[in-house]
Amino acid sequence: MADLPITGDLRTTLAGRMVGLTFMVAGLGLMAWAWLSSGRQVMTGQRTPLLRMAAYWSAPLLLIPPLFSRDAWSYAAQGALVAEGYNPYEVGPGALSGHIVEAVDPMWMQTPAPYGPLPLAYGGLMAHLTMDPYVLMLAHRLLAVLGIVLIAWAVPRLATACRVDPAIATWLVVANPMLITHGIGAAHNDILMLGLACSAFAVALTGRWGTAAVIAGAAAAVKLPGGLVVIAIAAVMSPLAGRALRFASLVIAGAVSVLTLVTIGELTGVGSGWLGALDVPGLVRSPFSIANLIGMAASGVLEWLGEDTAAQQSLQIVRLVGMVLAIGLIAVLSLRSSIHHAARAVGIALLAVVLLGPTAHDWYFLWCLPFLAVARPGRRLTTTMTAISLIFTIAAPLNSSLRGATMPILTTTALAIATIAPLLNHLRTLQPSKKARVAVTAG
């Protein structure tokens, strides 16, 4: 398609790319509208084929190139590094040449991989079979599909345990267009991490907390924040215990998860060098991170005052303070008692890592979505999660290769706002009917 005369011109000119972006925003707006319409049906207690609907929306995205992000091309190149005998925690994709690195974002060409050993080992295995970057990208998209399948399996079970309507939770999470577009479309490995974390919690509810802790370690072996689900596993291990026993449960579950994480690194031969590469995502100064916003503001003020050295150090100091605050909050949340409180604790802990961490991308907000959705969210929280999902779905194309095209992006952003505005008016109708609330309470 890219070689055809019309599509080739569209891809190589700013005007053509803006035409494509306009159609993309319009399509995402229609998808969001359909999601809200199905949500109204679910809230009134109607039976809606949510999983089938999510499958229909996902199918057209399975074979296309990555949307909104070039990370999947980096995954392919990092797997090729493993297959070629390089250590992806010491060298970046720039050590390779040829088609395998042509689509990798230049920002990540010389940086080590910040991911756990599981996706790198999988990528290396696939790269032993083929070095075709498109096929390798599809292989990593398959991991995202697996992640969504795991989420679809776990969320209804978690909702039932927390006395939340499973249909509402499934609509809010599994059929969420943000999960589909950023998960399937962009093929981020965050979705596999999230699927494993949700599954760990669901397995713990069956009494197999040891297996759950192992799965939590596997989630951390994709991306480290996935291991925070041990907070919920500890709550399941000792639901009525005091803080001392709860802390002991947390230590045991955490130890099993860490042992699993280390074992995966050793068995795959990838090792644990990724711990030294955790600061790589921090190269992006994302506005979604509160720590980044404060740090960049402080740096600007100090630079204006002529304190250049302090200005350079301020961002790192603020980021460090943010992580300390996040860790402190996680420690407090770890002692929550009931199951739905534990689900909320995991969601808030992951949200704290996003907002107080060194960087945050729009799809990072998916980390907390399943856990907050099953934690008996009230009207305000449900509305907030719905609104954020809408905004990050329709605005997803702006996180693309259009950097520097200020005026066209502002124009398209205005179009996105015009698309979102009428959708937000429908949020007030997205509340469970009395019949649905009574059914959940009776259950």
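Is Tyr134 buried, partly exposed or exposed? At 32% relative accessibility, Tyr134 counts as partly exposed, and I will come back to its surroundings once I have introduced the chain as a whole.

What we have on the screen is a predicted model, so let me begin with confidence. The protein chain averages a pLDDT of 80, and 75% of the residues score at least 70. The stretch to treat with care is residues 434-443, where pLDDT stays under 50 and for which the model has eight contacts beyond four places in sequence.

Now the overall picture. The protein chain has 19 helices and zero strands, and of its 443 residues, 52% count as buried. If we take the contacts in the chain with a separation of 6 or more, 75% of them are accounted for by residues 24 or more positions apart. The accessible surface comes to about 19900 Å², and 68% of that surface belongs to carbon and sulfur atoms.

That brings me back to Tyr134, which is found in helix H6. Together with Leu62, Leu63 and Val135, Tyr134 makes a nonpolar surface patch of about 340 Å². Membership of such a patch calls for over 30% relative accessible area, and Tyr134, as I said, has 32%.

Let me turn to two helices whose lengths we can check. Helix H5, residues 117-129, has 13 residues that should span 18 Å at 1.5 Å a residue, and its end C-alpha atoms are 19 Å apart, which agrees. The buried residues of H5 are Pro117, Pro119, Leu120, Ala121, Tyr122, Gly123, Gly124 and Ala127. Further along the chain, helix H17 covers residues 379-394, and its 16 residues reach 23 Å from the first C-alpha to the last, close to the 22 Å expected at 1.5 Å a residue. Among the buried residues of H17 are several with a hydroxyl side chain to look at on the screen, including Thr382, Thr386, Ser389 and Thr393, and the buried set also includes Met385, Leu390, Phe392 and Ile394.

Next, some individual positions that link parts of the chain. Ser74 is found in helix H4, residues 71-83, and at 2% relative accessibility it counts as buried. If we leave aside its neighbours within four places in sequence, Ser74 is in contact with Val104 and Trp108.

Ile168, in helix H7, is also buried, with a relative accessible area of 13%. Ile168 and Leu50 are 118 residues apart in sequence, yet their C-alpha atoms are 9.8 Å apart in space. A further pair of this kind is Ala59 and Ile184, which are 125 residues apart along the chain and whose C-alpha atoms are separated by 8.9 Å. Ala59 has its place in the loop between helix H3, residues 50-58, and H4, and with a relative accessible area of 43% Ala59 is partly exposed.

How many salt bridges does the count come to? The count comes to one salt bridge, and in it the side chains of Lys223 and Asp190 meet at 3.0 Å, N to O. Lys223 lies in the loop between helix H10 and helix H11, whereas Asp190 lies in helix H9, so the pair ties together parts that are 33 residues apart in sequence. For those of us who think of charged side chains at the surface, please note that Lys223 is buried, and so is Asp190.

Finally, I would like to point out two backbone positions. Most residues other than glycine have a negative phi. Arg163, although it is not a glycine, has a positive phi of about 60°, and Ala187 likewise has a positive phi of about 60° without being a glycine. Arg163 lies in the loop between helix H6, residues 133-161, and helix H7, residues 166-173, while Ala187 lies in the loop between helix H8, residues 177-185, and helix H9, residues 190-204.

Which of the two words, buried or partly exposed, goes with Ala187? Ala187 is buried, because its relative accessible area is 0% and buried means under 20%. Arg163, by contrast, is partly exposed, with a relative accessible area of 39%.

Note on methods. Residues are numbered from 1 along each chain as its sequence is written. Side-chain values use heavy atoms; hydrogens and water are left out. Helices (H or I, at least four residues) and strands (E, at least two) are DSSP runs, numbered from the N terminus. The expected span of a helix is 1.5 Å times one less than its number of residues. Buried means under 20% relative accessible area, exposed over 50%, partly exposed in between (1.4 Å probe, protein chains only). Contact means heavy atoms within 4.5 Å. Accessible areas come from the Shrake-Rupley method with a 1.4 Å probe; for residues, only the protein chains shown count as cover. pLDDT is the predictor's confidence in each residue, from 0 to 100. Patches are made of residues with over 30% relative accessible area and no salt bridge: like charges are joined within 9 Å, nonpolar side chains (Val, Leu, Ile, Met, Phe, Trp, Tyr) within 5 Å. A salt bridge is a side-chain nitrogen of Lys or Arg within 4 Å of a carboxyl oxygen of Asp or Glu.
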